[in-house]
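Here's a quick briefing to read with the model open. Take a look at the fold before going through the bullets.

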Amino acid sequence: MAGTVARVTEISATSDTSFEDAIKVGLERATSTLRGVKSAWVKEQEVQVGDGGSITGYQVNLLVTFVLD
């Protein structure tokens, strides 16, 4: 009986630009380290706020699924 086993790992990534860029940064890093990345789920999004209330950064927590060898 053949089957597939996958693992899920949580990573955080940040960007000065946008949530979309933070996701891209996180996935690029995940795929450079992990083999068999199949999907990612955005678990949380957060903005960092500086003095005066301006947004200084964007953070995402991603659940990345990859297939084990």
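Which strands does helix 1 lie across, and at about what angle does helix 1 run to strand 3? Helix 1 (residues 19-33) lies across strand 1, strand 2 and strand 3, at about 40° to strand 3. This is a predicted model, so to speak plainly about cut-offs: local features need pLDDT of at least 70, side-chain atom pairs need 80 or more, and totals for chains, interfaces and linings use all residues. Residue numbers start from 1 along each chain as its sequence is written, and side-chain values use heavy atoms, with hydrogens and water left out.

**Sheet**
- The three strands form an open sheet in the order 1-3-2, with antiparallel pairing (pairing takes at least two DSSP bridges; helices are DSSP H or I runs of at least four residues, strands E runs of at least two, numbered from the N terminus).
- Strand 1 (6-15) and strand 2 (37-49) sit at the edges, each pairing on one side only.
- On average, neighbouring strands are turned by 15° against each other, direction ignored (axes are lines fitted to C-alpha atoms, for helices over the stretch in contact; angles run from 0 to 180 degrees between N-to-C directions).
- Strand 2 and strand 3 (residues 55-67) run antiparallel, joined by eleven bridges.
- Trp-41 has Leu-63 in strand 3 as its bridge partner.

**Core and contacts**
- The largest nonpolar core has six residues: Ala-13, Ala-22, Ala-30, Val-60, Leu-62 and Val-64 (buried Ala, Val, Leu, Ile, Met, Phe, Trp, Tyr and Cys joined through side-chain atoms within 4.5 Å; buried means under 20% relative accessible area, 1.4 Å probe, protein chains only).
- Strand 3 gives the most to this core, three residues.
- Beyond its neighbours within four places in sequence, Leu-62 is in contact (heavy atoms within 4.5 Å) with residues including Ile-11, Ile-23, Leu-27 and Trp-41.

Notes. Buried means under 20% relative accessible area, exposed over 50%, partly exposed in between (1.4 Å probe, protein chains only).
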